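Here are my comments on the model you sent round, set out as numbered points. Please read them with the coordinates open.

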Amino acid sequence: MLICRPMAASSLTYRCSVLLLLMLSSFGMFAADETGQPAPRFRAKTTSGSQFNNASVKGKVVLFEFWTSWCKYCEEEASLVDRIAKEFSDRGLLVLAVDVLEPDQTVKSYLAGHPRSVPVVLTKDTNLAAMYNAQSYPIYVLVDRDGNIAGEQRGAAGERGLRRLLKRAGIEAKAETE
């Protein structure tokens with residue numbers, strides 16, 4: 001009987017390890033880079049009431065920025081994203097800042113102290129966060145003028161990284177600085 005217990009524990013550990021590996025690999029499949037694939041059908045309503053979907057952004061380059069109010073990297077990059085959005089708006093760039101899984105009041109309070117110049121979308125008003133497996137922040141997803149995913153950046157990108165990402169959709173940077 002004493003011999004069986006260590007084997008049972010070993011067997012249980014093995015089974016748990018295999019299950020954990022299967023779970024982690026399945027998350028990897030959903031977070032896979034989908035560059036070149038058509039962007040999923042989406043809908044989004046901003047805090048100001050503007051509504052967007054695949055048809056309304058056709059012909060534009062769309063940068064989805066997934067963020068949260070508690071993410072220090074998101075806060076650090078917010079002004080950069082706002083500046084890039086302004087710089088390239090005349091070239092057809094639309095940036096949608098999608099807050100992920102926070103109560104409306106939390107986001108509105110945060111934005112009162114940290115205003116954004118790009119349209120902000122709340123979780124309840126979109127299906128984007130689930131479609132792009134937004135679980136760590138910030139995440140940037142770029143959709144080209146034809147509606148295909150041009151690139152993704154998971155984690156802070158900095159100015160150079162964001163400009164490189166935009167270049168994938170044909171938006172050339174005026175001057176690459178960092």
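The points below go from confidence and overall layout to individual residues.

1. Basis of the note. This is a predicted model, in which local features need pLDDT of at least 70 and side-chain atom pairs count only at pLDDT 80 or more, while totals for chains, interfaces and linings use all residues. Residues are numbered from 1 along each chain as its sequence is written, and side-chain values use heavy atoms, with hydrogens and water left out.

2. Confidence. The mean pLDDT (the predictor's confidence in each residue, from 0 to 100) is 84, and 78% of the residues reach 70 or more. Two segments call for caution: residues 1–7 stay under 50 and have 0 contacts (heavy atoms within 4.5 Å) beyond four places in sequence, and residues 16–31 also stay under 50, with 4 such contacts in the model.

3. Overall layout. The protein has 5 helices and 7 strands, where helices (H or I, at least four residues) and strands (E, at least two) are DSSP runs numbered from the N terminus. Along the sequence they follow the pattern α-β-β-β-α-β-α-β-α-β-β-α. Of the contacts with a separation of 6 or more, 68% are between residues 24 or more positions apart.

4. Surface and core. The accessible surface comes to about 10,300 Å², 57% of it belonging to carbon and sulfur atoms; such areas come from the Shrake-Rupley method with a 1.4 Å probe, and for residues only the protein chains shown count as cover. Of the 178 residues, 42% count as buried, with buried meaning under 20% relative accessible area, exposed over 50%, and partly exposed in between (1.4 Å probe, protein chains only). The largest nonpolar core (buried Ala, Val, Leu, Ile, Met, Phe, Trp, Tyr and Cys residues joined through side-chain atoms within 4.5 Å) has 50 residues, and those with the most contacts inside it are Phe64, Phe66, Leu93 and Tyr132. Beyond its neighbours within four places in sequence, Leu93 is in contact with residues including Val61, Leu63, Ile84, Phe88 and Leu166.

5. Helix α5. This helix (residues 158–167) is largely enclosed by the rest of the structure, because 7 of its 10 residues are buried. The buried residues are Gly158, Glu159, Gly161, Leu162, Arg163, Leu165 and Leu166, and what covers them includes β3 (61–67), α2, β4 (93–99), β6 (139–143) and β7 (149–154).

6. Valine 81 and leucine 142. Which residues of α5 do these two touch? Valine 81, in helix α2 (residues 72–88), is buried at a relative accessible area of 1% and touches Leu162, along with Glu65, Val95, Arg116, Val118 and Tyr140, not counting residues up to four places away in sequence. Its C-alpha atom is 8.3 Å from that of glutamate 159, although the two are 78 residues apart in sequence. Leucine 142, in strand β6, is buried at 0%, and its contacts beyond four places in sequence include Leu165 and Leu166.

7. Arginine 116. This residue is found in the loop between α3 (104–113) and β5 (120–126), yet counts as buried at 17% relative accessibility. Its side chain makes polar contacts with those of glutamate 65, at 2.8 Å, and aspartate 82, at 3.0 Å. A polar contact here is a pair of N or O atoms within 3.5 Å; within protein, one must be able to donate a hydrogen and the other to accept it, and residues adjacent in sequence count only if both atoms are side-chain atoms.

8. Cysteines. The structure holds 0 disulfides (pairs of cysteine sulfur atoms within 2.5 Å). Cysteine 71 is buried at 4% relative accessible area, and cysteine 74 is buried at 2%.

9. Backbone geometry. Most residues other than glycine have a negative phi, and most peptide bonds are trans. The peptide bond from tyrosine 137 to proline 138 is cis, with omega near -10°, and proline 138 is placed in the loop between α4 (128–131) and β6. In that loop lies asparagine 133, which has a positive phi near 50° and is buried at 14% relative accessibility. Leucine 101 has a positive phi near 55°; it lies in the loop between β4 and α3 and counts as exposed at 68%.
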